[in-house]
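Reader: I am new to reading structures. Please take me closely through a single part, the surroundings of the ligand, and then show me what lies beyond.

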Amino acid sequence: MAPRYAKPSNLGEALRLLTEDQWTILAGGTDFYPAHSEKPILGKVLDINGLTELRGISETESHIIIGARTTWTDIANHPFLAAFYGLKLAAREVGSIQIQNRGTVAGNLCNASPAADGVPPLLTLEAEVEIRSAEGMQALPLEEFILGNRRTALRPGEMVTAIRIPKSAATGTSGFVKLGARRYLVISIAMAAARAVIAEGRVAEAALAVGACSAVAQRLRGLDERLCGAEAGAASAIISAYDFPELSPIDDVRGTAGYRREAAREIVIRAFLQAASLESGGLAA
Ligand SMILES: Cc1cc2nc3c(=O)[nH]c(=O)nc-3n(C[C@H](O)[C@H](O)[C@H](O)COP(=O)(O)OP(=O)(O)OC[C@H]3O[C@@H](n4cnc5c(N)ncnc54)[C@H](O)[C@@H]3O)c2cc1C
């Protein structure tokens with residue numbers, strides 16, 4: 001297979017090229033280049049950095065749209081609603097400032113690492129992944145897009161063009177807590193995201209997710225249900241009593257399965273309290 005490089009200047013051209021050959025898409029390159037290490041790049045590389053239409057955050061009547069070339073820095077700087085605070089906190093914890101300037105949210109999802117920091121906050125926002133090919137467009141729930149460790153539902157000829165957040169899920173406030181072996185520039189041992197709507201001291205809506213404790217980050221729907229209707233002050237006790245059946249952590253160089261399971265419980269509590277205290281004006285965004 002002869003190496004090939006193309007840098008289309010509009011989406012139509014990119015989609016046409018995708019019908020011609022089996023390409024690897026290059027966005028910020030912060031996963032792509034380390035994956036090649038010191039090996040030469042011999043495949044076919046479709047560089048999407050000329051597609052200006054895919055960068056930025058916009059909205060329609062029903063959705064908030066994050067273009068596929070939107071970087072972590074763009075997320076951190078955007079004046080989002082409070083429901084996106086968790087995603088903004090995650091943005092500030094991805095690698096370093098340099099990585100945040102280059103790396104894209106869509107690249108984080110497409111790389112499908114179990115430790116991808118963007119996945120839990122986007123799960124709590126009920127995110128959909130917009131996929132395009134020359135044939136048309138479809139929007140897949142994020143939960144159906146990432147199929148396993150480094151596996152997505154993308155098929156040949158397709159690319160991700162945006163992440164879409166339904167406005168119906170962009171309610172309340174949110175938090176994000178990442179546990180690593182040190183404070184910065186670290187791969188997560190576990191991370192938790194929470195979105196909460198608190199009304200008159202009670203949890204009206206809860207959406208919780210945990211990453212790096214299973215092959216794919218998981219929504220904790222059983223816990224969401226237990227929290228809904230409960231007094232906000234009882235949330236820590238409810239989370240402490242939950243047995244997290246959604247998680248299947250493994251032992252690896254960063255932590256044991258047992259440690260991850262215990263840590264997950266604690267960071268879910270912290271992420272929920274962060275979201276709930278934002279709701280009552282307790283923290284700055
Ligand atoms: C030093 C360092 C620190 C890091 N720290 C963190 C961290 O703390 N947390 C974390 O989650 N990640 C971290 N990362 C990983 C990486 O920065 C993120 O996953 C980033 O969001 C990837 O985005 P990208 O645009 O660079 O993707 P790329 O490297 O360009 O692509 C990643 C993968 O996605 C595919 N792809 C990209 N865009 C599309 C698209 N639009 N359609 C279809 N396929 C696409 C590519 O083909 C490739 O397989 C780190 C990386 C480095 C080098």
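Author: Here is the shell around the ligand, followed by some elements and residues to look up in the same view.

Keep in mind that this is a predicted model.

Start with the ligand. The shell around the ligand has 32 residues. Ile25, Thr30, Asp31, Phe32 and Thr104 come nearest. What kinds of residue make up the shell? They divide into 18 nonpolar, ten polar and four charged.

Now ask which elements supply them. β2 (24–26), α2 (32–36), α6 (105–111) and β10 (159–166) each give at least two residues to the shell. Helix α6 gives the most, with four residues.

Next, look at the oxygen atoms of the ligand. A backbone N or O atom of alanine 27 lies 2.8 Å from a ligand oxygen. Glycine 28 also takes part: a polar backbone atom of glycine 28 is 2.8 Å from an oxygen atom of the ligand. With tryptophan 72, the side chain is used instead of the backbone. An N or O atom in that side chain is 2.9 Å from a ligand oxygen. How much of the ligand does the protein bury? Taken alone, the ligand exposes 990 Å², and the protein buries 85% of that.

Tryptophan 72 is a good place to step outward. Helix α3 covers residues 72–77, and a loop joins β5 (63–67) to α3. Threonine 70 lies in that loop. Threonine 71 is found there too.

Take threonine 70. Its relative accessibility is 0%, so threonine 70 counts as buried. A polar atom of its side chain lies 2.7 Å from the backbone oxygen of glycine 67. Leaving out residues up to four places away in sequence, threonine 70 touches Leu54, Arg55, Gly56, Ile57, Ile75, Gly103, Thr104 and Val105.

Then take threonine 71. At 3% relative accessibility, threonine 71 is also classed as buried. With the same sequence limit of four places, threonine 71 touches Arg55, Gln100, Asn101, Arg102, Gly103 and Thr104. Thr104 has come up before, as one of the residues that come nearest to the ligand. So much for the loop.

Turn to helix α1, residues 11–20. Leu11, Ala14, Leu15, Leu17 and Leu18 are buried in this helix. Where do they point? Seen down the axis of α1, the buried residues fall within an arc of 160°, so they line one face of the helix. Their cover includes β1 (4–6), β2, β3 (44–47), β6 (128–133) and β10. Two of those names are familiar: β2 and β10 each supply at least two residues of the ligand shell. The N-terminal end of α1 has a cap, asparagine 10. A side-chain oxygen of asparagine 10 lies 3.2 Å from the backbone nitrogen of glycine 12.

Move on to phenylalanine 84. This residue is found in the loop between α3 and α4 (85–91). Is phenylalanine 84 buried or exposed? Its relative accessible area is 0%, so phenylalanine 84 is buried. Beyond residues up to four places away in sequence, phenylalanine 84 touches Ile64, Leu125, Ile165, Ala170 and Ser174. Leucine 122 is 38 residues away from phenylalanine 84 in sequence. In space, their C-alpha atoms are 8.8 Å apart.

Now find arginine 260, in helix α11 (residues 257–279). At 2% relative accessibility, arginine 260 counts as buried; the cut-off is under 20%. What does the side chain of arginine 260 reach? One end point is the backbone oxygen of isoleucine 250, at 2.9 Å. Another is the backbone oxygen of glycine 255, at 3.1 Å. Arginine 260 and isoleucine 250 are ten residues apart along the chain, and their C-alpha atoms are separated by 8.1 Å. Residues touching arginine 260, with those up to four places away in sequence not counted, include Ile189, Ala212, Cys213 and Asp252.

Finish with backbone angles. Most residues other than glycine have a negative phi. Arginine 150 has a positive phi of about 65°, although it is not a glycine. Arginine 150 is found in the loop between β8 (146–148) and β9 (151–152). Glutamate 200 has a positive phi too, of about 50°. Glutamate 200 is found in the loop between β12 (190–199) and β13 (202–211). With a relative accessible area of 84%, glutamate 200 is exposed.

Technical notes. Residues are numbered from 1 along each chain as its sequence is written. This is a predicted model: local features need pLDDT of at least 70, side-chain atom pairs count only at pLDDT 80 or more; totals for chains, interfaces and linings use all residues. Side-chain values use heavy atoms; hydrogens and water are left out. A residue is near a molecule or strand if one of its heavy atoms lies within 4 Å of it. A polar contact is a pair of N or O atoms within 3.5 Å; within protein, one must be able to donate a hydrogen and the other to accept it, and residues adjacent in sequence count only if both atoms are side-chain atoms. Accessible areas come from the Shrake-Rupley method with a 1.4 Å probe; for residues, only the protein chains shown count as cover. Ala, Val, Leu, Ile, Met, Phe, Trp, Tyr, Cys and Pro count as nonpolar, Asp, Glu, Lys and Arg as charged, and the others, Gly among them, as polar. Buried means under 20% relative accessible area, exposed over 50%, partly exposed in between (1.4 Å probe, protein chains only). The arc is that of the directions from the helix axis to the C-beta atoms. Contact means heavy atoms within 4.5 Å.
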